[in-house]
Amino acid sequence: MSKKKIYFHADDFGRSIEVSKNIMKCLIKGNLNSVSIMVNHQNNKYHNKLKKLKKVNKRLHLNLTDFSNKDFKNNSLPNNLNFIKLIFLSDQEKKKIYREIELQIRKYKKIYKPKILKIDGHEHVHMIPWILRYLQKIKNKQNIKEFRNSNESLMVPRFSDLFSFRYYRNIAACILVKFLYYFQGSPKIIAPKFSGIIYSGIQSEETINNSLNFFKKNNYKYCEILIHPGYASLKES
């Protein structure tokens, strides 16, 4: 009988000093056992601390949408990108994204020296069809063994969710990701069963328990619950 593996996961490590510091506190206390890492924001102090935590599951968090003005001066990416704009980029602009993906992979490997590479995307951009196709194209070359499959299963909402604007926004985002996943033929992705979009920004002990019960009910053995303990200070915001 195979053992269950559940990751309590945080995205955005490396996004800023404050975000990294707050995620690091949770990792050290054992509240998290998995983390996704941005490498195109400079924060070497916390990267060096994270490298020392050997039992933490680590993934590259591809960032194609969240850059400071300083970052933009140092790259050739189109300005003000978001998930929707990325879907409709021209072929010429896509080539710039391919170069940025390769650059972030090289940076991540240089810092963390992983034996195998695991990848997900900030704002789930890795689920955009042409980006996922590119990642699958280079997976052998880059030794990519796992992607996050953000095609989250829908759960019965709580009564309070019916009065939450954020919940409806998250459901819309979840449905968009589902559409893109099925649009490209439901590609086979090696990944834990995922929960995290529906309650993004409104995650609580209750919603986490709901996800755990859902995993148990469906007998999922390999699972991931995304939470966001890394928050920025007002100054950083």
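The following is a conversation about a predicted model, with each label set against its cut-off.

Biologist: How many salt bridges does a search of the whole structure find?

Modeller: The search finds twelve salt bridges. Side chains of opposite charge can pair when their charged atoms come close.

Biologist: What makes the contact between aspartate 66 and arginine 15 a salt bridge?

Modeller: The N to O distance between their side chains is 2.5 Å. The cut-off is 4 Å, so a pair within that distance counts. Aspartate 66 sits in the loop between strand E3 (57-62) and helix H3 (69-73), and arginine 15 in the loop between strand E1 (5-13) and helix H1 (17-29), so the salt bridge ties together parts that are 51 residues apart in sequence.

Biologist: Why is aspartate 66 called buried?

Modeller: The relative accessible area of aspartate 66 is 18%. Buried means under 20%, so the label applies.

Biologist: And arginine 15, is that residue buried or partly exposed?

Modeller: Arginine 15 is partly exposed, at 38% relative accessible area. That label covers values between the 20% and 50% limits.

Biologist: How do you know that arginine 59 and aspartate 120 form a salt bridge?

Modeller: Their closest N and O atoms are 2.8 Å apart, and the limit is 4 Å. This pair links distant parts of the chain, with arginine 59 in strand E3 and aspartate 120 in strand E4 (residues 117-121), 61 residues apart.

Biologist: Why do arginine 59 and aspartate 120 count as buried?

Modeller: Arginine 59 has 0% relative accessibility, and aspartate 120 has 0% as well. Buried means under 20%, so the label fits.

Biologist: Which residues are linked with Arg59 and Asp120 in a network of salt bridges?

Modeller: The network also includes Asp11, Glu146, Arg148 and Glu224.

Biologist: What makes glutamate 102 and lysine 141 a salt bridge?

Modeller: The closest N and O atoms of glutamate 102 and lysine 141 are 3.8 Å apart. The limit is 4 Å, so the pair counts. Glutamate 102 lies in helix H5 and lysine 141 in helix H7 (residues 139-142), so the salt bridge ties together parts 39 residues apart in sequence.

Biologist: Is lysine 141 buried or exposed?

Modeller: Lysine 141 is exposed, at 63% relative accessibility, since exposed means over 50%. Its partner, glutamate 102, is buried at 11%, and the limit for buried is under 20%.

Biologist: Now the helices. Why are H5 and H6 called oblique to each other?

Modeller: Two packed helices are described by the angle between their axes and the distance between the axes. The axes of helix H5 (residues 91-112) and helix H6 (residues 129-137) come within 11 Å and cross at roughly 45°. Under 35 degrees would count as roughly parallel, and 65 to 115 as roughly perpendicular. The angle falls between those ranges, and H5 and H6 are therefore oblique to each other.

Biologist: What is the handedness of the crossing of H5 and H6?

Modeller: H5 passes H6 in a right-handed crossing.

Biologist: Which residues form the nonpolar patch on the surface?

Modeller: The patch is formed by Phe159, Leu162, Phe163 and Tyr168, with about 510 Å² of accessible area together.

Biologist: What makes tyrosine 168 accessible enough for a patch?

Modeller: Tyrosine 168 has 44% relative accessibility and counts as partly exposed. A patch takes residues with over 30%, so tyrosine 168 meets that condition. Tyrosine 168 lies in helix H8 (residues 165-183).

Biologist: Alanine 172 is also found in helix H8. Why is alanine 172 called partly exposed?

Modeller: The relative accessible area of alanine 172 is 45%, which lies between the 20% and 50% limits.

Biologist: What is notable about phi at glutamate 123 and serine 186?

Modeller: Most residues other than glycine have a negative phi. Glutamate 123 has a positive phi of about 60° although it is not a glycine. Serine 186 has a positive phi too, of about 50°, and is not a glycine either.

Biologist: Where are glutamate 123 and serine 186 placed?

Modeller: Glutamate 123 is in the loop between E4 and H6, and serine 186 is in the loop between H8 and strand E6 (193-195). Glutamate 123 is partly exposed at 42%, and serine 186 is partly exposed at 32%.

Terms used:
Residues are numbered from 1 along each chain as its sequence is written. This is a predicted model: local features need pLDDT of at least 70, side-chain atom pairs count only at pLDDT 80 or more; totals for chains, interfaces and linings use all residues. Side-chain values use heavy atoms; hydrogens and water are left out. Patches are made of residues with over 30% relative accessible area and no salt bridge: like charges are joined within 9 Å, nonpolar side chains (Val, Leu, Ile, Met, Phe, Trp, Tyr) within 5 Å. Accessible areas come from the Shrake-Rupley method with a 1.4 Å probe; for residues, only the protein chains shown count as cover. Helices (H or I, at least four residues) and strands (E, at least two) are DSSP runs, numbered from the N terminus. Buried means under 20% relative accessible area, exposed over 50%, partly exposed in between (1.4 Å probe, protein chains only). Axes are lines fitted to C-alpha atoms, for helices over the stretch in contact, and angles run from 0 to 180 degrees between N-to-C directions. Angles under 35 degrees count as roughly parallel, over 145 as roughly antiparallel, 65 to 115 as roughly perpendicular and the rest as oblique. A crossing is left-handed if the near helix is turned anticlockwise from the far one by less than a right angle, and right-handed if clockwise.
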